[in-house]
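Here is a short report for a reader meeting this structure for the first time. Take a look at the model before reading on.

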Amino acid sequence: MQIDETGCLDNVRFISSPNSDDRPVGCAINLLVIHNISLPPDEFGGEGVVELFTNKLDPGAHPYYQTLHGLKVSAHFFIRRNGEIIQFVPCGKRAWHAGESCWRGRTRCNDFSIGVELEGSDATPFTGMQYATLIALTQALQAAYPITDIAGHSDISAGRKTDPGPCFDWERYRAALSAAS
């Protein structure tokens with residue numbers, strides 16, 4: 001895997017999200033934020049996440065979707081249960097994934113982070129394919145950007161967010177990253 005000069009990952013499906021904008025000038029990308037998402041909640045394989053990130057989610061398609069009506073969010077990458085990656089925002093742009101957030105005394109984490117959403121929930125273990133893909137993606141991002149920290153959404157939005165949740169195996173992820181470097 002490689003990130004090209006436009007901030008896009010080679011050989012993955014790209015679906016442009018309007019929920020992004022320019023990063024502040026001179027702001028280095030040094031944080032990777034890991035999330036989980038499933039739409040409807042705890043259901044996998046559908047197009048709900050794609051529709052949410054592209055502002056095409058029909059609030060009448062599921063009762064939960066009514067709570068998301070008008071929400072403008074995105075992430076740079078979405079990793080499905082089978083390991084497929086969809087990119088929504090080039091890395092050089094600011095995706096709207098972190099919301100109100102703070103990391104090591106810096107607020108507005110969207111300014112200096114890349115957001116990766118794993119298809120999942122707080123109550124469901126992630127798949128081996130997702131870990132393998134996330135590790136390869138993390139390595140590609142670390143090769144392209146000065147990423148010094150990796151955190152969960154719950155770490156940067158404590159008390160407001162819980163993802164990637166208790167089923168995300170941080171030890172497995174960090175050990176695999178260490179072994180691969």
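The report below covers the sheet, the cores, the aromatic rings and some backbone details.

This is a predicted model, in which local features need pLDDT of at least 70, side-chain atom pairs count only at pLDDT 80 or more, and totals for chains, interfaces and linings use all residues. Residues are numbered from 1 along each chain as its sequence is written, and side-chain values use heavy atoms, with hydrogens and water left out.

## The sheet

Helices (H or I, at least four residues) and strands (E, at least two) are DSSP runs, numbered from the N terminus. Two strands pair if DSSP finds at least two bridges between them. An open sheet is built from 6 strands. Their order is 1-5-4-9-3-10, and the pairing is mixed. Strand 1 (13-14) and strand 10 (149-152) are the edge strands, and each pairs on one side only.

Strand 3 spans residues 31-37. It runs parallel to strand 10, and 4 bridges join the two. Strand 3 also pairs with strand 9 in the parallel sense, over 7 bridges. In strand 9, I37 has E119 as its bridge partner. The table lists bridge partners between strand 3 and strand 10.

| Residue | Bridge partner in strand 10 |
|---|---|
| L31 | D149 |
| V33 | A151 |
| I34 | G152 |

How many residues of strand 3 are buried? The count is 7 of its 7 residues. Buried means under 20% relative accessible area, exposed means over 50%, and partly exposed lies in between (1.4 Å probe, protein chains only). Both faces of strand 3 are covered. L31, V33, H35 and I37 are on one side, with L32, I34 and N36 on the other. Strand 10 is also covered on both faces. Its buried residues are D149 and A151 on one side and I150 and G152 on the other.

Helix 4 (residues 170-180) lies across strand 3 and strand 10. It runs at about 160° to strand 10. Such axes are lines fitted to C-alpha atoms, for helices over the stretch in contact, and angles run from 0 to 180 degrees between N-to-C directions.

## The cores

A nonpolar core is a set of buried Ala, Val, Leu, Ile, Met, Phe, Trp, Tyr and Cys residues joined through side-chain atoms within 4.5 Å. The largest one has 25 residues. Within it, F77, L141 and Y173 touch the most other members. Strand 3, strand 4 (77-79), strand 9, helix 2 and helix 4 each supply at least two residues of this core. Helix 2 gives the largest share, 6 residues. Another core lies apart from it. That core has 17 residues, among them L57, L68, A75 and A95.

F77 has contacts beyond its neighbours within four places in sequence, including I3, I85, C91, V116 and L137. Contact means heavy atoms within 4.5 Å.

## Aromatic rings

Rings of Phe, Tyr and Trp (its six-membered ring) pair if their centres lie within 6.5 Å; planes under 30 degrees apart count as stacked, over 60 as edge-to-face and the rest as tilted. By this rule there are 6 aromatic pairs. The ring centres of F126 and F168 are 5.9 Å apart and their planes are at 70°, so this pair is edge-to-face. F126 lies in the loop between strand 9 (113-119) and helix 2 (128-144), and F168 in the loop between helix 3 (153-156) and helix 4, so the pair ties together parts that are 42 residues apart in sequence. F126 is buried at 7% relative accessibility. F168 is buried too, at 5%. Ring pairs link F126, Y131, F168, W170 and Y173 into a cluster.

A charge sits over a ring if NZ of Lys or CZ of Arg is within 6 Å of the ring centre and within 35 degrees of the ring normal. R81 lies over the face of F44, 4.4 Å from the ring centre. R106 has its charged end over the ring of F112, 3.6 Å from its centre.

## Backbone details

Most residues other than glycine have a negative phi, and most peptide bonds are trans. Which peptide bonds are cis here? One runs from L39 to P40, with omega near -10°. Another runs from D163 to P164, with omega near 15°. P40 is in the loop between strand 3 and helix 1 (48-53), and P164 is in the loop between helix 3 and helix 4.

D42 is not a glycine, yet its phi is positive, about 65°. D42 is in the loop between strand 3 and helix 1 and is partly exposed, at 46% relative accessibility. R108 also has a positive phi, near 60°. R108 lies in the loop between strand 8 (106-107) and strand 9.
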